[in-house]
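User: Please take a close look at the turns in this model and at the elements on either side of them. I would like one connected account, with the cut-offs behind each term.

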Amino acid sequence: MRTRRICKVAVSLALGLVFVTPAFPQGNENNDWQAIEDQRDARRKAELLDSFIKKYPTSGRRPDADFTLIDFYSENKDYQKILQMAEDFRQRPPSADPPTKAKMFVSAMFAAASLNDIKRTVEYGDYALAADPNNFAVLYFFAAANLPNPAKALEYGQKAITLPKPANVRPEVYATQMGRLHGIVATPLFAAGKFAEAKEHLEVALKANPKDQATQFRLAFANVNLMGAAAKAAQDANTALIKAMSATPPNNSEADAAKAKMESSSKEALELRDVAIESLARALAIGGQYQQDAQKLFDGLYQAKNKSLDGATDLVAQKKSELGL
């Protein structure tokens, strides 16, 4: 009887320990967290956070504690510590939440970039994209940095411009980033002679940064090539008009269509020429590596339109004033 009572007591004690024991670490965790919140010295707070993360790897206060510590490391340029945290996070993630993982790896990507560590920059950027394939920060950074290679960077840029504005990016910053992305996407299209497609991206890029001489020159060059295509279309339409009118009897319907095409194409060519002149005047006002090429093209177009160069210098001065230069 006594033995049975002892067994019951033992079982009761064991059960009591099962339910009571977890309360001790919880109490310690709360105390340790309170010590962190009470700490006013930033460096000491960081030390306590680091200790807390190691002591309570499964705490519900993670990963917020991690990101608070990362903010401190970023301010103090302790990039190696961020990378170590990211690696620990990768091997033993306290959260399987994709946005949380992406946020951690984006922090590591920028830390590696700050250290000029290209290998780990790409590595952690890839980890972030694996967690969140539409992560704008990574797509934009890789496109702007031409990583991991030109072809892939272009692919990332093309994808980034299709995404909505991230909630945490200020509108003015987003506009600048989108302008740069469109400029990146335009470059290979321009090089491939796809001037109509390149033009659309160049125009967006210039809305964000009208003081970029290279983009102003490329837009002008694209318009000149499109002007040439429109002029040829007008010439071909004129030939078709003459043929239709010379037929016996004259083909009036074909003549009317050819005339309409010739007039619309001629108008388009002149409009493209004027837009090119404006862009070239801005390029000359800005100055830079394209100055000589821009001047030659500008003089030719301006002379063709005005039959002289009178007023050309004034136009450039006007554009300089408009750009605030």
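Analyst: Helices here are DSSP runs of H or I with at least four residues, strands are runs of E with at least two, and both are numbered from the N terminus. The model is predicted, so local features need pLDDT of at least 70 and side-chain atom pairs count only at pLDDT 80 or more, while totals for chains, interfaces and linings use all residues. Residues are numbered from 1 along each chain as its sequence is written, and side-chain values use heavy atoms, with hydrogens and water left out.

The loop between H6 and H7 contains Asn116, which has a positive phi of about 60° although it is not a glycine. Most residues other than glycine have a negative phi, and most peptide bonds are trans. The parts of the chain on either side of this loop are also linked through aromatic rings, for which a pair (Phe, Tyr or the six-membered ring of Trp) requires centres within 6.5 Å, with planes under 30 degrees apart called stacked, over 60 edge-to-face and the rest tilted. The structure holds 18 such pairs. In one of them, the ring centres of Phe105 and Tyr127 lie 5.4 Å apart and the planes stand at 50°, so this pair is tilted. Phe105 belongs to helix H6 (residues 98-114) and Tyr127 to helix H7, and the pair thereby links distant parts of the chain, 22 residues apart.

Helix H7 (residues 118-131) in turn packs against helix H8 (residues 136-145) at an angle of about 145°, with their axes 9 Å apart; axes are lines fitted to C-alpha atoms, for helices over the stretch in contact, and angles run from 0 to 180 degrees between N-to-C directions. The crossing of H7 and H8 is left-handed, meaning that the near helix is turned anticlockwise from the far one by less than a right angle, whereas clockwise would be right-handed. In contact, defined as heavy atoms within 4.5 Å, Thr121, Val122, Gly125, Asp126, Ala128 and Leu129 of H7 meet Val138, Leu139, Phe141 and Phe142 of H8.

A second kind of turn carries a cis peptide bond. Arg62 and Pro63 are joined in this way, with omega about 5°, and Pro63 is placed in the loop between helix H3 (42-55) and helix H4 (64-75). These two helices pack at an angle of about 140°, their axes 10 Å apart, and their crossing is left-handed. Residues of H3 in this contact include Leu49 and Ile53, while those of H4 include Leu69 and Phe72.

Another cis peptide bond joins Thr248 and Pro249, with omega about -5°, and Pro249 sits in the loop between H12 and H13. On one side of that loop, the axis of helix H12 (residues 213-246) comes within 9 Å of the axis of helix H11 (residues 195-208), the two crossing at roughly 150°. That makes H11 roughly antiparallel to H12 (over 145 degrees; under 35 is roughly parallel, 65 to 115 roughly perpendicular and the rest oblique). On the other side, helix H13 (residues 252-286) has 35 residues and reaches 51 Å from its first C-alpha to its last, close to the 51 Å expected, where the expected span is 1.5 Å times one less than the number of residues. Gly287, which follows H13, has a positive phi, near 80°.
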